[in-house]
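Student: Hi! Could you walk me through how the two chains meet in this one?
Tutor: Happy to, let's have a look together.
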Amino acid sequence: MIFSFEIPLLLLLLVTAAGAILVKDLISAVLLLGSYSFFLALVWAWLGAVDVAFVEAVVGAGLGTVLFLLTLFGTAPKDTRLRRPPPSLVTLIVFPLLGVLLLFTANDLPEFGDPNSPASVHISPTYIEQSYQETHTLNVVTSVLMDYRSLDTMGETVVIFAAGIACALLLRRNA
Amino acid sequence: MVDTFSAVIQRPNLLTFVIIFLWGFYIMVTRYNLVKKLIGMYLVQTSVIYFLVSISAKKGATVPILFSATESVQAANYANPLPHVLTLTAIVVGVATTGVGLALCAAIYRRYGSLDEQEIIERLE
């Protein structure tokens with residue numbers, strides 16, 4: 001089940017990300033980035049993370065794309081630099097090295113979809129089995145987000161408030 | 001070497017994460033257009049979140065919403081909910097910081113008339 005839909009979806013993810021990177025016209029790049037967000041939401045829904053998929057579809061694909069488009073309509077919608085100088089030697093050495101290092105960790109990671117991976121056996125069964133008795137909410141993600149970790153959620157709203165104030169200050173008419 | 005290669009092939013989530021992460025990071029470093037840099041930053045953020053969520057997947061498990069309130073719950077039947085909670089916060093905060101970056105881009109464009117890094121540096125001098 002895990003491998004049947006996975007490869008085409010991940011390929012679509014890679015293709016839309018490549019499109020967002022390679023396209024010259026910035027508005028097309030931003031729209032491709034929005035479709036990348038939607039495919040990411042699809043992948044997450046299929047991995048069983050429906051709440052994350054909803055948030056990505058609404059906030060990432062919806063609000064993020066709208067913010068990018070609003071900025072582009074107010075500024076220059078074209079990447080004016082048609083010819084770039086070649087990347088420096090440091091980037092050409094560091095990035096393949098980083099990629100090899102990251103891929104080298106594959107031996108020690110749990111397999112994809114492994115029910116006995118360390119992340120799934122330590123504390124998370126306790127949350128799944130106890131949360132209904134303690135919070136009377138069927139959705140475990142909601143009960144963790146709004147009950148056990150509600151202070152973290154309040155911190156998140158403080159961050160969003162600070163970001164909103166920063167945007168308002170930056171976009172004042174007579175700044 | 002062969003072991004590592006087959007291990008990577010068995011973990012396509014890691015391979016996708018590494019490709020998108022490094023490509024987005026490379027775009028952030030090498031491109032001159034500020035909006036293009038922000039697109040790279042968004043790709044880096046979402047690739048890390050994707051990898052965290054992919055760790056929570058279990059074979060044969062369903063979404064972490066309990067079927068019934070009365071029967072006893074088997075943890076192996078539900079996906080791990082904790083990475084979902086962490087990434088919910090991370091997505092919203094990531095979009096908020098991207099919004100601040102875009103507001104900075106708009107302010108820079110109003111002041112210097114360009115979004116190209118080199119042109120802005122020339123106009124600063």
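Tutor: One term before we start: a polar contact is a pair of N or O atoms within 3.5 Å, where, within protein, one must be able to donate a hydrogen and the other to accept it. Also, keep in mind that this is a predicted model.
Student: Okay, so how many residue pairs are in polar contact across the interface of chain B and chain A?
Tutor: There are 15 such pairs, with both residues at pLDDT 80 or more.
Student: Which element gives the most to chain B's side?
Tutor: Helices H1, H2, H3, H4 and H5 of chain B each give two or more residues, and H4(B) leads with 23 residues.
Student: What kinds of residues are on that side?
Tutor: They split into 54 nonpolar, 19 polar and nine charged.
Student: And how many salt bridges between the chains?
Tutor: Zero.
Student: How much area do they bury?
Tutor: About 8000 Å² between them, with 76% of it on carbon and sulfur atoms.
Student: New topic: how many aromatic pairs are there over all chains?
Tutor: The whole structure has seven. In one of them, A:Phe95 and B:Phe25 have ring centres 5.4 Å apart and planes at 70°, so the pair is edge-to-face.
Student: Why does that pair join two chains?
Tutor: Because A:Phe95 lies in helix H4 of chain A and B:Phe25 in helix H2 of chain B.
Student: Are those two buried or exposed?
Tutor: A:Phe95 is buried at 11% relative accessible area, while B:Phe25 is partly exposed at 32%.
Student: Which residues form the aromatic cluster?
Tutor: A:Phe95, B:Phe17, B:Phe21, B:Phe25, B:Tyr26 and B:Phe51.

Technical notes:
Residues are numbered from 1 along each chain as its sequence is written. Chains are lettered from A and ligands numbered from 1 in the order in which they are written. This is a predicted model: local features need pLDDT of at least 70, side-chain atom pairs count only at pLDDT 80 or more; totals for chains, interfaces and linings use all residues. Side-chain values use heavy atoms; hydrogens and water are left out. Buried area is the accessible area (1.4 Å probe) that two parts lose on being put together, summed over both. A salt bridge is a side-chain nitrogen of Lys or Arg within 4 Å of a carboxyl oxygen of Asp or Glu. A polar contact is a pair of N or O atoms within 3.5 Å; within protein, one must be able to donate a hydrogen and the other to accept it, and residues adjacent in sequence count only if both atoms are side-chain atoms. Helices (H or I, at least four residues) and strands (E, at least two) are DSSP runs, numbered from the N terminus. Ala, Val, Leu, Ile, Met, Phe, Trp, Tyr, Cys and Pro count as nonpolar, Asp, Glu, Lys and Arg as charged, and the others, Gly among them, as polar. Rings of Phe, Tyr and Trp (its six-membered ring) pair if their centres lie within 6.5 Å; planes under 30 degrees apart count as stacked, over 60 as edge-to-face and the rest as tilted. Buried means under 20% relative accessible area, exposed over 50%, partly exposed in between (1.4 Å probe, protein chains only).
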